[in-house]
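Biologist: Hey, got a minute to walk me through this fold? I'd like to start with the surface and then go inside.

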Amino acid sequence: MDGLSLIQDLAIVLLAAGFAGTLCRRLGLSVIVGYLVAGVAIGPFTPPFSFIQDVDRIQTLSQIGLVFLMFGIGLGLSLSRMGRMGWPTLAATGLGAIIMLLLTQTLGAAVGWSGAQGMFIAAMFMCSSSAVIAKVAAELNLTHERPGQLALSITVLEDVVAVIMLTLLGSQARGGESETVSTVIATMSAFVTLLIGAGLLMVPRLMRRLEARADPELQTIIVAGLLFMLAMIALKAGYSLALGAFLLGAIVAEIPQRTGVERAFTGMRDLFSSVFFVSIGMMIDLRLVLPAWPMILGLVAFVMIVRPIATGLALTLVGTRPREARRA
């Protein structure tokens, strides 16, 4: 029965996502808004419309969606393209995070938050979702324009910022006993370098052999297996599924077979990415949100104004033209 229940839940999620996404498109909104609203409506915290009670099953599928989505981002942001963006993008990511941290802590001091509260809220505001940015950039046809690529590069690099902030927050929670930030950065850099080196050594050879000996169906199956394997390696190493999936996409983007791979995975990416966003909506409990709505609206206004200023200023400081920095 569990298998049948999963099929039923998946049917509800996809239909709700389709209807809500279509409505948002007609209203001129991103489909992501529709997916989130659909998740809230059918999730376990919104009676009497709690069509789905076992969110864990859907969250498992949502992780598959995240893997496909990040793989697609990697295909659009190849290693050579990120290399051409160079150190300015890396520096802008760090500068933007520092500016956001300082401004959030200033806000916290003004409203009376403790140091730990200010740090936790700053950690949320310092990182944007690469999944959301990629979806919005695709909807606005900005994926192949430099401002869109800058935005995607920064959000991908913010995975490093997220790891550093989790280390600092974990250190606070454990009373100061944790790895140093320099150790975290060095370890992550070594892991990424090793994964990219091994991937560039093995993946092109494998793809050439598959192209010569296997049909497109088997090629897609083997690439999907590699995708999930690298995502799990990244997770086991203490990072995220998204990092491993993105790195494989960036590696595959460097080889001639990229177009065929991208075409094969487009449908799966769109299907499971909608499940990913709906599952996020399912985790929103309006009973907790509504009593705190004045603070939530205030923080939304703060981050909508300050976050673009911080990132735009950081990009301008590293030499990006002001118009491109503003759009990014």
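Biologist: Which residues form a nonpolar patch on the surface?
Modeller: Keep in mind that this is a predicted model. The patch is made up of Leu-23, Leu-27, Leu-29, Val-33 and Val-37, and together they have about 450 Å² of accessible area.

Biologist: Where is Val-33 found?
Modeller: Val-33 sits in helix 2, residues 31-42.

Biologist: And is Val-33 buried or exposed?
Modeller: In between: Val-33 counts as partly exposed because its relative accessible area is 35%, and that label covers values between 20% and 50%.

Biologist: OK, inside now. How many residues has the largest nonpolar core?
Modeller: That core has 58 residues. Among those with the most contacts inside it are Phe-71, Val-252 and Met-282.

Biologist: Which helix gives the most to this core?
Modeller: Helix 3, residues 55-76, with 11 residues. There's also a second, separate core of 18 residues, including Met-119, Met-165, Leu-299 and Phe-302.

Biologist: Back to Val-252. What does it touch?
Modeller: Leaving out residues up to four places away in sequence, Val-252 touches Phe-71, Leu-75, Val-203, Arg-258 and Val-261.

Biologist: Switching to cysteines. How many disulfides does a search of the whole structure find?
Modeller: Zero. A disulfide would be a covalent bond between the sulfur atoms of two cysteines.

Biologist: Cys-24, then: buried or exposed?
Modeller: Cys-24 is buried, with a relative accessible area of 7%. Cys-127 is partly exposed, at 22%.

Notes:
Residues numbered from 1 in each chain as written. Predicted model: local features only at pLDDT ≥ 70, side-chain atom pairs only at ≥ 80, totals over all residues. Heavy atoms only, no water. Core = buried A, V, L, I, M, F, W, Y, C linked by side-chain atoms within 4.5 Å. Buried < 20%, exposed > 50% of the residue type's maximum accessible area, 1.4 Å probe, protein only. Helix = DSSP H or I, 4+ residues; strand = E, 2+ residues; numbered from the N terminus. Contact = heavy atoms within 4.5 Å. Disulfide = S-S within 2.5 Å. Patch = residues over 30% accessible without salt bridge, like charges linked within 9 Å, V, L, I, M, F, W, Y side chains within 5 Å. Areas by Shrake-Rupley, 256 points an atom, 1.4 Å probe, with all protein chains shown as cover. Salt bridge = Lys/Arg side-chain N within 4 Å of Asp/Glu carboxyl O.
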